[in-house]
Amino acid sequence: MNTRDTLYVKDGNLMIGSFKATELAAKFGTPLYVMDAQYIAEVCDAFVAAVNKCGSGAVAFANKAFATVATAKLAAAHGLWFDVVSGGELYLVAQAGADMKKVLFHGNNKTPREIDEGLAHGIGFFVVDSLNELELLDEKAGRRGVKQDVLVRVNPGVSAHTYEAVMTAAPFSKFGFDVHGDALDVIKDIASRKNLNFRGLHVHIGSQIYDHSSYDAAIDITTDFVKKLADEGIVTDILDMGGGYGIYYTDEDPKFTPRRYAYTVESIARLVAEKSAEKGLKQPFLIVEPGRSIVGEAGITLYTVGAIKDFPGVRKYVAVDGGMFDNPRYALYESRYSAVIANKADKPADEIVTIAGKCCESGDLIGKDMPLQHAETGDILAVFSTGAYNYSMASNYNLNAVPPVVLVDGDKADYIVKPQTYGDLLRNNTVPEWLNG
Ligand SMILES: *Cc1c(COP(=O)(O)O)cnc(C)c1O
C-alpha cells in the first residue's frame, strides 16, 4: 500500500480523505470507483510547476486514462490542457468548459467526422499521424477557411522498457512517422500546405515507464531530428514528449510521491533545454501528457466479497461483485494490483488469494496470488491504483452495470458518475417492426 495524507489506515479501517472506505461502500454501494480529488490536484500542481522549471510548457491530461466531466473541470482549474483521442473525449472536454485552444487531438486513425468536430470546436492542435489524415485535414481546414496548427507524431524508434501492448514507439509501430524514414518528407509537405501550420513534434514512447533512459534516448533522437528540420528552414516551436510515467501497483514497483513524479517531468524539461542549447536550437515550448500518473493512484475500487472457494494447497478464490467489466486490465495484460480488506486493514495480509470477478469468463480476475487479510463474505475489498484505465475501459459485459464514480475531496464525497440502471443498459435497444408481429 502506498499510503498518503488522504489514503491511510485508522483504527483498523482504510480511510480515503475523511471517510472510512466501508462508510463510502455503505452509502454509495459496491462495486464503486472512488477518486481522491486532493491527490489529483496535488499531482497536477506538481507537474505544472515542473514543466515550467526550465522554460515554458504545459501539462495536457491524457483523457483516455480517466474521462469524466467533473475531473476534467478539476484538471482545468489546476491549469491543465487536454489530450483527446476520439470525438467522444472531445465532446467531454467541451462539456467541461475547457479552453479548446488548449486541446490536442491524437489518434492514428481519426475519422472524417472527428476531424470535422475538432475543426468545428476550434481546437488548438491536431497531432497528425498519417498521410490520409494530412490530406483530409488540409482539405477540411481549407473549406472552413482556417489555417490549422498541427503537431506531427513522430516515432523515434526507442523501445521503452515496458511491456509490448503499451510500447508505442518501437520500430514499425502503428503510431506516427519514423524519424529515420518518412517523417522529414511529411513535414516538408505540411510546411508547404496553405491550410496547415506546422508547429512541432509529438512523441509518446509508451506507458508504465520507470526507466528514465528511455526518455533520455527519445529526447536525444528527437532533438537531432529538430535540428534536421531547422537545417531545412523548418521551425519547431513545440515539443510534446507524451506521457507514460509508471505508477505504483504492487510492492514490486517504486513508491512515488507527486513530487517524485514531478521530478521525472523536471528532468525531461531539463534535458530538452540542454539538448536544444547543445544543438543550437531555439528552446521549444514543452508539452507533457501524463494520464496514469495523475489519476491512477487517485483511484480505489471498493467491492463486496461474495463467494469464497478454497482448493487447499492449490488456490483460494475470493470472488467480488465486480470484475472485468469494471477492471479489464488483468484479462488484457495480466496487470497486477494490491488490495486490502478495508475493515481489517491493520491485520496481517497472511493469505495468498486469487481475487475473481463475477463474469462468465475464467480469465475474469482482478489478480492472481495476491497477499490479503483473511476474507469473509460481506467484507469490503479495496483495490488500489485503479484510477487509470479502469473506468475508461469499463464495459457492460454480461450486462453488468458500470459502477458509479464517487469523488472524495477531504470531508466531501459525491457522485461524479451516477449508477447505471437496468434501463440504462437497454436504452439503445430497439426492436425492428417486423419482429413485433
Ligand atoms: C496513452 C497516451 C498518453 C498517456 O499515457 P499514460 O501512460 O497514461 O501517462 C499520453 N499521450 C498519448 C499520445 C497517449 O497515447
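Me: What makes Ala67, Thr68, Gly88, Leu92 and Tyr391 stand out in the lining of the second largest pocket?

Reply: In this predicted model, the second largest pocket is lined by 13 residues, and these five lie nearest its centre. A residue counts as lining when it has an atom within 4 Å of a pocket point. The volume of this pocket is about 350 Å³.

Me: Which helix gives the most to the lining of the second largest pocket?

Reply: Helix H4 does, with 4 residues. Helix H4 (87-95) and strand E21 (412-417) each supply at least two residues of that lining.

Me: How many residues of each class line the second largest pocket?

Reply: The lining has 7 nonpolar, 4 polar and 2 charged residues. Gly is counted as polar.

Me: Which residues are closest to the ligand?

Reply: The closest are Lys64, Ser207, Glu289, Arg292 and Tyr389, out of 15 residues that surround the ligand. By class, this shell has 3 nonpolar, 7 polar and 5 charged residues.

Me: Why is the approach of lysine 64 to the ligand called a polar contact?

Reply: An N or O atom in the side chain of lysine 64 is 2.6 Å from an oxygen atom of the ligand. The cut-off for such a pair of N or O atoms is 3.5 Å, so the pair qualifies. By that cut-off glutamate 289 qualifies too, because an N or O atom in its side chain is 2.6 Å from a nitrogen atom of the ligand. For glycine 291 a backbone N or O atom takes part, 3.0 Å from an oxygen atom of the ligand, and therefore also within 3.5 Å.

Me: How much of the ligand does the protein bury?

Reply: The protein buries 94% of the 380 Å² that the ligand exposes when taken alone.

Me: How do you know that strands E4 and E14 pair?

Reply: Pairing requires at least two bridges, and 4 bridges join E4 (residues 32-36) to E14 (residues 299-311), so the two strands pair. They run antiparallel, and leucine 32 stands opposite leucine 302 in E14.

Me: What makes E19 and E15 partners of E14 as well?

Reply: E14 and E19 (residues 380-384) share 5 bridges in the antiparallel sense, so the requirement of at least two is met. Here tyrosine 303 stands opposite leucine 381 in E19. E15 (residues 315-320) is also joined to E14 by 5 bridges and runs antiparallel to it, with lysine 316 as the bridge partner of aspartate 310.

Me: Which residue takes a positive phi in the hairpin of E14 and E15?

Reply: Glycine 313 does, with phi near 80 degrees, in a hairpin that has 3 residues between the strands.

Technical notes
Residues numbered from 1 in each chain as written. Predicted model: local features only at pLDDT ≥ 70, side-chain atom pairs only at ≥ 80, totals over all residues. Heavy atoms only, no water. 1 Å grid on protein atoms, 1.4 Å probe; cavity = no way out; pocket = protein on both sides within 12 Å on 5 of 7 lines; lining within 4 Å. Points joined across faces, edges and corners; volume = space filled by probe spheres on them. Near = heavy atom within 4 Å. Polar contact = N/O pair within 3.5 Å; in protein donor to acceptor, adjacent residues only side chain to side chain. Areas by Shrake-Rupley, 256 points an atom, 1.4 Å probe, with all protein chains shown as cover.
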